[in-house]
Amino acid sequence: MAQGSVQVTHAGTSRWRRRTGEYATLSAALEAAADGDVLTVAPGTYRENLVLDRAVTVRGPERAASGSVRIAPADGVALTVRASAVVQDLQIEGQDSASPALLVEDCAPELNGVRVMTRSAAGIEVRGGARPTVRRCTVDNPAGLGISVTGGAGGVYEECEVVAAGQSGIAVRDGAHPRFERCRVHHASGAGLSLHGEGSAAEAVGCEVYEIKGSGVQVTARATGHLTDCQVHRTSADGITLDTDAVLTLADCDIHDIPENAVDLRSRSVLTLTRSTVRRFGRNGLSVWDPGTRVDANNCEIHESTGDYPAVWVSDGATVVLDSCRVHSVPDALFVLDRGSRADVVDSDLTQVRGTAVSVSDGATVQLDDCRIRDAATGAWFRDHGSGGTLANCTVDGVATGFIVTKGADPTVERCTVTSPAEAGFYVSAEGRGTFHGCRVTGSQGYGFHVIDGCRTTLRRCRTERCARGGYEFAEEGPTVEDCTSDESAAAVSPATDLAAPAAPSTTGLLTAPAAVPARATAEAKTAGPGDGTAQGQGQPAEDGPSRPSSEVLGELDALVGLESVKREVRALTDMIEVGRRRQRAGLKAASARRHLVFTGSPGTGKTTVARLYGEILRSLDVLERGHLVEVSRVDLVGEHIGSTAIRTQEAFDRARGGVLFIDEAYALSPEDSGRDFGREAIDTLVKLMEDHRDEVVVIAAGYTAEMERFLAVNPGVASRFSRTITFGDYSPEELLSIVEQQAEEHEYHLGEGTGEALLKYFTVLPKGPSFGNGRTARQTFEAMVERHAGRVAQLGDPSTDDLTLLYADDLPDSVV
């Protein structure tokens, strides 16, 4: 029964022949209506199963204040449309879990302002070749699908909204091909938009998918999708998934705030991205698997990872092409692994990478042309046998190490430039090979080209300039060197660097095989900074000759700015070890000295520098055989496959035998959400190795204070293996000023009148947030002052000595307040 009535306006061939009638039920009104008639339904609840099989117009009241028209039968389909009818301003309700609330089949109707509030199999189901036009309709169906388009159906859906769905918000399958414009799908318990089956295709323009308990967009089993100017965000699973020959095109889209992979492709799927953004993702930005799977990205941006995973992951024979793209603010930028996997990167920027910008392993290859890598720990790392490719015309700036080649990898690097690396421009070890042609290293704090283990590397027409420890360092014969040059800058480095021997004599700076190389430097700068470790994942070679006395090394420790509590802790450890040795010589029992340490504190506080000195001290006391430092992080220990983590951890531990294994950001091995993470395996392996080889390696785990507490709690054996925690406090403004003064003295600059006071004020007001770099910030401040000084003095025609050496307050960086 209805609570209202239905007025039918019967259409005729002329105005005077039109007439109206009143009916108590919709069924009676429909029985009396013919094509073209208009049914105006009064507000009320109609417990009827309606079938529209005539081209009529059914509409509710024009004004919402009049009340709603509810079509709400007890079971079955509430409204079935089988004709080119118009349905407007109705509320459809259903309770049948086996039937849709509103069914459209084999017709092309118009649905305007229809609200579906139901607990049915589907809110709206369109099938059988139907082509509806659906405008400003809403579906609320917490029990089933929101909108289902199936069986070859299509239609246009404009400004529609799925506010809740117990399964997928929109499901397109079995050859359907709808178009969605400015629609919104949210609070679905399945995929937001699901496309499935061969011949199924959907186009979405200006749509938004969010708050999804599943994947935002899912394309599977040969389905095809085209999304333009769409947003996908706040999902519980992957943002977009493609599987089994799926094809998807994204243009001007934004995928963001995804806790898992932003985009995941498998099984020969193909994705094309144009002018799209992927940001704030918990795992990979692009995760690409399997032979035949391919991503082509043009003018896209991938950034702001919230997890510890590479931004772009390519494995198992997949291919990725990045053209004019930007990848930044991520743990690692591009990881390519497994034979047959490939990445082609053209005219792209990889910046602000906490780990490795490009990693190539397990036989994969890459091709990089005209790319820019900046602010990364490692520019490109070719890890093992069969891994290679070509890098041409690329620039690498602001890294610890520009290129690392290890374990039989064999890349070709042509006309690439590495500027200001903290450790080395190019580092080759462990049977790595590689051909470097026309490459250049400028301003390295270590070596330009560092090749050890007799690796058979080829260098042709390479050039090094202003490399603090030397342009070329070859530990053994092995490299082939042709027409390479150097400005031999190691002979003119700052007083803090003491060369054990002069560079090989050369009047032209030309190197030919066998190469003549400068000897190693035996001391390092006395201020802590971002480059005070070794190349990421590689050990500092043991020094030739006798070790320095512990008193000399402790003197270098004392010369560091600040760190008073740290110095006391290290001296206390040293005293314990020294007294223990004396007691043993006297025939007395010596207390067992646990030497493994935890260093906590902010970046740039000298943790790596102190770890290096600690290793030297232990060597001088005959506690360690070599005392060298091997610095690693999560990326060096955690593998990509089951079982590979234990192998990597064992290899890192073996490189550190006789010295110190320094694990930077060790807490990354135990992320808060570690359900599917291999970091736990690395920790378990380390704990066992530390027990089995307790006298061969000293392990130092470093990181932020709060995060390291989580690391120590992850395994009962972890806390018991480390004897004590040493906290590195932030530098005070006065200590930062001292570091700048040290830097100025070493580089033959002086602070002009009032400059010290200005620096003190500058460091006092400088924000001390999570990104504050302590000693690194002081060094960067000095470098910025030198740069501004150069710009000022370059304008002088005949500068005096004071002009060339004095730094003033005006040379400070712009205000930070």
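Angles over 145 degrees between two helix axes count as roughly antiparallel. Keep that cut-off in mind. The model here is predicted.

**Two helices side by side**

Two packed helices are described by the angle between their axes and the distance between the axes. Take helix H2 (residues 550-559) and helix H4 (residues 607-620). Their axes come within 9 Å. They cross at roughly 165°. H2 and H4 are therefore roughly antiparallel to each other, since angles over 145 degrees count as such. The crossing of H2 past H4 is left-handed.

Which residues in H2 meet H4? They are Ser 550, Val 553, Leu 554, Glu 556 and Leu 557. On the H4 side, the residues are Val 610, Arg 612, Leu 613, Glu 616, Ile 617 and Ser 620. Sorted by class, the contact of H2 with H4 has 6 nonpolar, 2 polar and 3 charged residues.

**An open sheet**

Next comes a sheet. It is open and has 5 strands, with parallel pairing. The strand order is E61-E62-E63-E60-E64. Which strands stand at the edges? Strand E61 (629-632) and strand E64 (724-728) do. Each has a single partner strand, so one side of each is left without a neighbour in the sheet. From one strand to the next, the twist averages 20°.

Inside this order, E62 sits beside E63. The two strands run parallel and are joined by 4 bridges. Val 660 has Val 698 in E63 as its bridge partner.

**Parallel pairs compared**

The table puts the E62 pair next to two other parallel pairs.

| Strand | Partner strand | Bridges | A bridge pair |
|---|---|---|---|
| E62 (residues 660-663) | E63 (residues 698-703) | 4 bridges | Val 660 and Val 698 |
| E30 (residues 247-251) | E33 (residues 270-274) | 5 bridges | Thr 249 and Thr 272 |
| E33 (residues 270-274) | E36 (residues 294-298) | 5 bridges | Thr 272 and Asp 296 |

Strand E33 pairs with E30 and also with E36. Thr 272 of E33 stands opposite Thr 249. Thr 272 also has a bridge partner in E36, namely Asp 296.

**A stacked ring pair**

A pair of aromatic rings is described by the distance of the centres and the angle of the planes. How many aromatic pairs does a search of the whole structure find? It finds 12. One pair is Phe 449 and Tyr 472. Their ring centres are 5.5 Å apart and their planes stand at 10°, so the pair is stacked. Phe 449 lies in strand E53 (residues 447-451), and Tyr 472 lies in strand E56 (residues 470-474). The two residues are 23 residues apart, so the pair links distant parts of the chain.

Note on methods. Residues are numbered from 1 along each chain as its sequence is written. This is a predicted model: local features need pLDDT of at least 70, side-chain atom pairs count only at pLDDT 80 or more; totals for chains, interfaces and linings use all residues. Side-chain values use heavy atoms; hydrogens and water are left out. Axes are lines fitted to C-alpha atoms, for helices over the stretch in contact, and angles run from 0 to 180 degrees between N-to-C directions. Angles under 35 degrees count as roughly parallel, over 145 as roughly antiparallel, 65 to 115 as roughly perpendicular and the rest as oblique. A crossing is left-handed if the near helix is turned anticlockwise from the far one by less than a right angle, and right-handed if clockwise. Contact means heavy atoms within 4.5 Å. Ala, Val, Leu, Ile, Met, Phe, Trp, Tyr, Cys and Pro count as nonpolar, Asp, Glu, Lys and Arg as charged, and the others, Gly among them, as polar. Two strands pair if DSSP finds at least two bridges between them. Rings of Phe, Tyr and Trp (its six-membered ring) pair if their centres lie within 6.5 Å; planes under 30 degrees apart count as stacked, over 60 as edge-to-face and the rest as tilted.
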